[in-house]
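Work through the exercises below with the coordinates open. Each task is followed by a stepwise solution.

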Amino acid sequence: MEVMAIISIFTLSIFVGFEVVSKVSSTLHTPLMSGANAIHGVILVGAIIVADHSDSELELGLSLAAIVLATINMVGGFVVTDRMLEMFKGKGAKGKSSGDK
Amino acid sequence: MSRFLYELIGLSTGVMFILALKGLSHPRTARRGNLLGATGATIATIAVFFYSSDGRLPLNNLGWILGAIAFGLIVGVPAARKVQMTAMPQLVALFNGVGGAAAALVAIVEYLKLGQIAPTAVVIATVFTVVVGSTSFSGSVVTFLKLQELMTTRPVVLAGGRFVVAGTLVATLVCAGWVVTSLGTTPLLFLAGLSLAFGILFVLPVGGADVPIVISLLNAFTGLTVAAGGYLLDSTLLIIAGTLVGASGTILTRLMAEAMGRSLFGTLFGAFTAKPQDSSATGEDRTVKSGSPDDVAILLNYARRVVIVPGFGLAVAQAQHTVRELADLLSAKGIDVVYGIHPVAGRMPGHMNVLLAEANVPYEQLSEMDEVNPTFPQTDVALIIGANDVVNPAAKTTPGCPIYGMPILDVAQAGNVIFLKRSMRPGFAGIENELLFDAKTTLLFGDAKASLTRVVSALKAL
């Protein structure tokens, strides 16, 4: 890929990254961090690419380890974030839960 | 599939990640945002099986690849599903660490393959990925050990700590130069080893209460390694996704530090500059006023306004439901009850909100620190359940203590202060709390859930 194209993508992504999270309430810090954490699990794609390219047992072994770790990061990350956010779902329904005592 | 289509899918996935982060920053759209991110990641993973740069399909080692993914699923999904909500921060730390390790491994494999023909720019990106990925991995493991309380939660400062850290950093940089000039495998392994050591040394001096900030920082680090990995593998998607996480993670780290009233620098290097604590001032024979559940029930019964300050001890005892029962009982008596939530109550910003939401505590009873602090002078009873550091006046009065400068809930302003505590053991940050010895403080020792149950029945009997 053209070097300038890479630098452009990189720079623009930085600004988008800054922009999307600049006004988040502290309540959501933990889920947001956990969700961002799951997104970088997409290194799984890279791990699959290098596993495809591997020509020695050492390379294949290391790539497969990377695949296992990246899968844990990605899938585990999204699942645990969903569990956290599931807890917030009832808060729109006011009084519903407080009245059942 | 054609290169064009593959790149188009990559770009769409990148956009989905942007929307996912955007969604995650608002309560209403957070869950949808997360699902969108998961969908994007799944699409990207499927697409890579149907494209290869030389048009040869299926991928080599396909069976192995699928097997490794299946193994990752078998480990990751149950871990994420079964983890107690109280232990969730350390699981996130661990997930982040393995992501960093995966990025470092990808870079190492690519380097082994290219060998002597690697252009300098590629080698530099490899070095960056290996250094930061390994640091993120070992650092995350240390944060896991701290949060799981498998090691001390106090800052660990080695003799001459700052020189050891600086020395390791210099050695890492020298080794990085060695890799770039010699292109050998041995220097790269040395580099990985040094980076792992640096990650450990970097996190050890961080005090328990500041660990979440470090997790967030390491999360941003891992994002950047993924971006560098994207450069190595010529993948636009990895560059976009990694950079997004790196940038948003950096902002998030700063926001978290602000919410806790900490500077990032102070968090990371505070332990090196802090004066040793004067432990002799806290005489062991000082008396505290310990009460019975009946005393506590009476105090609560004749209050007009009660602020409940929940802490991690409440979560550990799984007492969320019992505290709600108590709050309902008090509300039924016409007493004004609110929960004062410190931004970092629990182990991470927002962690306590998650735990109380799990117990169906009505959202409007949850009050943020800035809202509740001015109301303490009008509050008759502050009921502190399993919290300590977030109400410790030392944060205001004792310069040099590890939590100095952290905003706290001003419970000392309330008419009466009740601590439900397991023991006199100091909180997560390991600092003595002067408020425990105050004349208006009553202590009720025991497991938070057992104590609350006894208070509830005493209150019903009144």
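A salt bridge is a side-chain nitrogen of Lys or Arg within 4 Å of a carboxyl oxygen of Asp or Glu. This is a predicted model: local features need pLDDT of at least 70, side-chain atom pairs count only at pLDDT 80 or more, and totals for chains, interfaces and linings use all residues. Side-chain values use heavy atoms, without hydrogens and water, residues are numbered from 1 along each chain as its sequence is written, and chains are lettered from A and ligands numbered from 1 in the order in which they are written.

**Exercise 1. Salt bridges**

Task: find the salt bridges across the interface of chain B and chain A.

Step 1. Search the whole structure: eight salt bridges turn up over all chains.
Step 2. Restrict the search to the interface of chain B and chain A: two remain.
Step 3. Take Arg31(B) and Asp82(A): their side chains meet at 2.9 Å, N to O. Arg31(B) lies in helix H2 of chain B and Asp82(A) in helix H4 (residues 57-86) of chain A, so this pair joins two chains. Helices (H or I, at least four residues) and strands (E, at least two) are DSSP runs, numbered from the N terminus.
Step 4. Take Asp52(A) and Arg56(B): here the N to O distance is 3.3 Å.

**Exercise 2. The interface**

Task: describe the side of chain B that touches chain A.

Step 1. Count contacts (heavy atoms within 4.5 Å). The result is 101 residues of chain B against 79 residues of chain A.
Step 2. Compute the buried area, which is the accessible area (1.4 Å probe) that two parts lose on being put together, summed over both. Chain B and chain A bury about 8,300 Å², 76% of it on carbon and sulfur atoms.
Step 3. Count residue pairs in polar contact, both at pLDDT 80 or more: there are 15 between chain B and chain A. A polar contact is a pair of N or O atoms within 3.5 Å; within protein, one must be able to donate a hydrogen and the other to accept it, and residues adjacent in sequence count only if both atoms are side-chain atoms.
Step 4. Assign helices. H4(B) gives the most to this side, with 17 residues.

**Exercise 3. The sheet**

Task: which strand order does the open sheet of chain B have?

Step 1. Pair strands if DSSP finds at least two bridges between them. S1 (residues 305-310) and S2 (residues 336-341) of chain B pair in the parallel sense over four bridges. Val306(B) stands opposite Val337(B) in S2(B).
Step 2. Read the order: S3-S2-S1-S4-S5-S6, six strands with parallel pairing.
Step 3. Find the edges. S3 (366-368) and S6 (441-445) of chain B each have a single partner strand, so one side of each is left without a neighbour in the sheet.

Terms used. Ala, Val, Leu, Ile, Met, Phe, Trp, Tyr, Cys and Pro count as nonpolar, Asp, Glu, Lys and Arg as charged, and the others, Gly among them, as polar.
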